[in-house]
Structures are given as C-alpha cells and as structure tokens.
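Me: I would like to go through this structure by asking why certain labels are used and how each one follows from the values. Could you set each value against its definition?

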Amino acid sequence: MVTNIIELINEKINDLNGHVFDSRVLRQRGISDYIENLCCERIVQLSSSGMSVSETSSVKSIEDVEIRLGDNHFMVDIKCRDVNKDFSKPNLLSIDKARKYLKNTLNHIIYIFLDYNVVDDTVTIVNISVKPIESLDWSYLSVQNLGKGQLQIKSTTTGIFFNDTVTRKEWFDRLVREGKEYYDRLILKVSEYKINWDDDTKWD
C-alpha cells in the first residue's frame, strides 16, 4: 500500500527535479517554504474517488500533506536542504508521537527530501527522494533532548542514504528500543541534577 502511494507521489512531483526559479520573487517567503508549496500543490492533485488528500493547516502537525485511502492514513512530511550549507540537522518528529502513530499498521509516515542549489539568486532543485520512515537508516538518526524526545537526522551535509531492506516492524522495534535507552539516560541525568541540587543547597 505505502509503495503505491509513494509511486503516485513521485509521478506528481518528479517534474520538480531540475526546476529552476529566481529567489528574488519570493520576497518574504523562504526558499524551503516555496518548494514545499510546489510539492503540496502537486500532491493534492491526487485527490480522487476513494482517496482523500489535503494540506494540513495546523502548525503543530508533523505532516505537510495528509492522505487517506480506505482505512489507511498517510502523513507526508517535506524536508528541504540547501546543498551548499555545511550544517543541517533537521528534526523529524517526537518519538512519542511516532510510537503512538506507527503502532497502528494502517498508519504510515512518508518523507519527501528535496535538495536544492543556490547560485546568486537562482535556485535549482537537484534531487528528490520519497521514502517511508522505515527506510531511514538508524546510523544517522538520533533522539535529542526536546520534549518527550525528538527524532533527528544527525547531519545531512553529505546527503542521506536509505535502507529499503528493513521491515516496518524492525524499524519500529528499533524506535522503541532507542526510546527506552533515551529515557534511561534522561532518568540518570535528572537523578544527578537532583543529587547536585540537594548537595549544593544545604544551609551552611
């Protein structure tokens, strides 16, 4: 099911690969926002009988586009990267939200990664990858101390690769394990904070 949706998305946005535009026309809008909007406009065109496709309006949503097909629910998140920048560690989503959402096998998360190059004021989209979350390799994923734990890509300066051999269950089991290890580290850290707090605040 998820493979079919990815193929449909690819068909709609593939023409953006090599797309060139002048960043001066954006005024206050950022390049990434503009590219994301181009993607969303094309993906929403997938709306058809039996398939509901809509852009999300809430700033708290982890997805840019929501797709419903039968009992299946797909959250599509778009990530843009300037290939000329030396440092990029994009946040993906809360590990707690990921766990709660993905434990239902009818729920799916799809990422669209778009690389672009800027020369003077000219922007060129140079690469597009559409992948399910389980294709993201844990070698470049980490859980950062934000809220209940934020899943983050360690760095995208050299681009990212995908592991399409990992099953959805294998990836989910690794998520659960990484989450437990993160909370264990967090408990230890907070315990140390409490001990230091108690020791440093004794009345002399």
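Reply: A strand here is a DSSP run of E with at least two residues, and strands are numbered from the N terminus. Gln152 is found in such a run, strand β9, in what is a predicted model.

Me: What makes Gln152 count as buried?

Reply: Buried means under 20% relative accessible area. Gln152 has a relative accessibility of 12%, and therefore it counts as buried.

Me: Which residues is Gln152 in contact with, leaving aside its neighbours within four places in sequence?

Reply: Contact requires heavy atoms within 4.5 Å. By that criterion Gln152 is in contact with Lys89, Pro90, Asn91 and Leu92, and also with Tyr140, Leu141, Ser142 and Gln144.

Me: Why is the aromatic pair of Tyr140 and Phe161 called edge-to-face?

Reply: A search of the whole structure finds six aromatic pairs. For Tyr140 and Phe161 the distance is 5.3 Å centre to centre, with 85° between the planes. Rings pair if their centres lie within 6.5 Å, and planes over 60 degrees apart count as edge-to-face, so Tyr140 and Phe161 satisfy both conditions.

Me: Why can this pair be said to tie together parts that are apart in sequence?

Reply: Tyr140 lies in the loop between β7 (122-132) and β8 (141-144), whereas Phe161 lies in the loop between β9 (150-153) and α4 (168-200), so the pair joins parts 21 residues apart in sequence.

Me: Are Tyr140 and Phe161 buried or partly exposed?

Reply: Tyr140 has a relative accessible area of 7%, which is under 20%, so Tyr140 is buried. Phe161 has 47%, a value between the 20% and 50% limits, and therefore Phe161 is partly exposed. Elsewhere, Tyr111, Phe113 and Phe162 form one aromatic cluster.

Me: Why is Val166 called partly exposed?

Reply: Val166 is found in the loop between β9 and α4. Its relative accessibility is 26%, which is neither under 20% nor over 50%, so Val166 counts as partly exposed. Not counting residues up to four places away in sequence, Val166 touches Glu134 and Trp171. Although Val166 and Glu134 are 32 residues apart along the chain, their C-alpha atoms are separated by 6.7 Å.

Me: How do you know that the span of α2 agrees with that of a helix?

Reply: The expected span is 1.5 Å times one less than the number of residues. For the 14 residues of α2 this should give 20 Å, and the end C-alpha atoms are 20 Å apart, so the two agree.

Me: Which residues of α2 are buried, and why does Asp33 count as partly exposed?

Reply: The buried residues of α2 are Ile31, Ile35, Glu36, Leu38, Cys39, Cys40, Arg42 and Ile43. Asp33 is placed in α2 (residues 31-44), and its relative accessible area of 45% falls between the 20% and 50% limits, so Asp33 is partly exposed. The C-alpha atoms of Asp33 and Phe162 are separated by 24 Å, with these positions 129 residues apart along the chain counted as their sequence separation.

Me: How many helices and strands are there in the protein chain, and how much of the chain counts as buried?

Reply: The protein chain has four helices and nine strands, which run from the N terminus as α-β-α-β-β-β-β-α-β-β-β-β-α. Of its 204 residues, 41% count as buried. Among contacts between residues at least 6 apart in sequence, 65% join residues at least 24 apart.

Definitions and conventions
Residues numbered from 1 in each chain as written. Predicted model: local features only at pLDDT ≥ 70, side-chain atom pairs only at ≥ 80, totals over all residues. Heavy atoms only, no water. Buried < 20%, exposed > 50% of the residue type's maximum accessible area, 1.4 Å probe, protein only. Phe/Tyr/Trp six-rings, centres within 6.5 Å; stacked < 30°, edge-to-face > 60°.
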